[in-house]
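Let's take a walk through this model, chain by chain. Have the sequence and the coordinates open as you read.

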Amino acid sequence: MSDPSPRQNDASLRARWEQEVRTRLSELQLSPSREAEIVDELSQHLDDHWRELIAGGTPPDEATGLTLAQFRSGNILAQYMAPLRQSHVPPSITPAAPTGRSASDAPGRHRTRNTLVVAEVALALVLMIVSGLMIRTFVAMRQVQPGFTRPSEVQTFRLSIPESLISDEQQVARAFESIAQRLARLPGVVSVGVSSSITMDGEDNTNPLRVEEFPMPAGTLPPFRRFKSFAPGYFETMGIPMVAGRSITWTELYERRPVIVISETLAREYWKEPSRALGKQVRASGRNPWREIVGVVGNERDDGLNKPATAIVYWPMLNESYQTNTMAYAVRSSRVGTPGFMGEIQQAVWSVNSNLPLAAVQTLDDIQARSMAQTSFAMTMLAISAGVALLLGVVGIYGVITYIAAQRKREIGIRMALGAQVGDVRMMFLRHGLWLTAIGVALGIGAAQVLTRVMSALLFGVGTMDPTTYAAVSGALAAVALLATYLPARRASRVDPIVALRSDV
Amino acid sequence: MTGINTRALDRELKRGSAELLILSLLDTRPRHGYELSKLIHARSDGHLTFHIDSLYPLLYRLEERGWIKGTWVEKAGERRRRFYKVTAEGRLVLAAQRKTWAAFVAAVHRVTGGEHV
């Protein structure tokens, strides 16, 4: 090598290469660290080239000129480097050209896009699982037998007879019966029931109940049971079936006969078979006389559809343990909800006593709907969120695959020119989309397992880890994601190699 | 159309094979950019030349794909140089590209009626 330059000339030459490269890179607005790396690498290249020319006998000045001329003649460097903008890490450089073909992409942005898609898929999955569980809860609740039948045909309201109006218990009961009879005579009314509480109306009166056959150890309280007082006609009107025995009569009620009716749940708790409860004796406290169980009725879900059937004791309206001056009426008629029907009910009540206001006027349907309101609201909101999240996830996958396909158009052209099959190209993109989906689904399942524990109180008839919901939702999401990937993948695989290559000339 | 644009075809063939050339040369041992350009020029008897502004973007692209990996190497008294080597993934790609290229060349040869490869 006949390098005539002394060491300081080496340094100045090096500075010149660096200046040259830096000038070419300046318009790219690279990060300082990235620019420094590229300047180093390309300057070294120019230096190597220069030294080789010198070694070949070219005079130094001429070698410098040739080296610079060759570098400057590369007039598309800036375009090749364009994708390096905004990048801090070694970028992807496709041999792109100014005519809008595969400008390459910085890996940082690529990663960000992928991360976003994965996050969208995971979010969509979590919301879909949560709303799936709520839908299953809703369906399970709809299938629960609430205890009554055809709730839209039952009008309910509450009546209170103050002591100042009628003080005698017997007279109060007579007034309630008279009103029931007037109501029963209204056109279209099938039956009328009177009870201190209608199913799920929120009345909650619980007291201990002693069972003669199962005495409690001294000093301990027997289990608490829901107490209701009722009059004949209540079970028939509500549609609560008689499981064993019979209901009571008005005569038994007025004569204060020691009879009582209990619910099936309660009967089974003590005697397994409802019929075996008949004839057994119960009372509220040691001071009261025993009462004989004459009937066992079907269960009422008094605490809500998502709660177990309540154990209920039905006391005749006139009794020594559970007395109330406020009763609820249930009126069964196909005319419920028609104009004028409530007016007729009001007139019937007032024909007995015009000082009695009707309160809590609602149909049995309203009561049932209210008991499902929380579930229904949560389900609707979650379903909407899940739908939006799914849409975002799908659009994200579709967008990313479409974008990548557009970027790699030229590369696909080359691959296909070199013999790649349509299926290979398609698979390349499908794999990418499915990979993103798989990661998103895996993360989503993990997150859902944690999050659904929080909502366990909202669920009914389905576990937080319900495998059917998880599998169905994951499968559905994967299928939609597959479609969102397949469409751009198919488009990409239809690239004409000649067109793709020509676009780079 | 009156004939084949041989210059364009030449350019496309080079572009189509660029990745294969780089990966093949790096498969033997790590090399820096200038060495790669010299080797390609020399081994192709001057038929293939990689200009500085097409070589380095190509290297960056291959590195971004994870097919090659660049490392700065410093030696006493010398400026640092960036050496590239093929990654495990790059080797798989290289094997596939070699196979495809061989099949392509053989196919073209059969069609164009060459008698010896």
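What follows looks at chain A and its cores, then at chain B.

A word on the ground rules: this is a predicted model, where local features need pLDDT of at least 70, side-chain atom pairs count only at pLDDT 80 or more, and totals for chains, interfaces and linings use all residues. Residues are numbered from 1 along each chain as its sequence is written, while chains are lettered from A and ligands numbered from 1 in the order in which they are written.

Start with chain A, which has 16 helices and twelve strands (DSSP runs, H or I of at least four residues for helices and E of at least two for strands, numbered from the N terminus). It has 505 residues, and 41% of them count as buried, meaning 20 or more other C-beta atoms within 10 Å of the residue's own, with C-beta atoms placed from the backbone. Take the contacts in chain A (C-beta atoms within 7 Å) with a separation of 6 or more: 77% are between residues 24 or more positions apart.

Now for the inside. The largest nonpolar core (buried Ala, Val, Leu, Ile, Met, Phe, Trp, Tyr and Cys residues joined through C-beta atoms within 7 Å) has 57 residues, and A:L183, A:I260, A:I262, A:V313 and A:Y329 have the most contacts inside it. Helix α6 of chain A, residues 169-184, gives this core its largest share, six residues. Beyond its neighbours within four places in sequence, A:L183 touches A:V189, A:V192, A:Y329, A:V331, A:I345 and A:A348. Another core lies apart, with 43 residues including A:V121 and A:V425.

Chain B has four helices and three strands, running α-β-α-α-β-β-α along the sequence. Of its 117 residues, 30% count as buried.

Definitions and conventions:
A residue is buried if 20 or more other C-beta atoms lie within 10 Å of its own, exposed if 12 or fewer, and partly exposed in between; C-beta atoms are placed from the backbone. Two residues are in contact if their C-beta atoms, placed from the backbone, lie within 7 Å.
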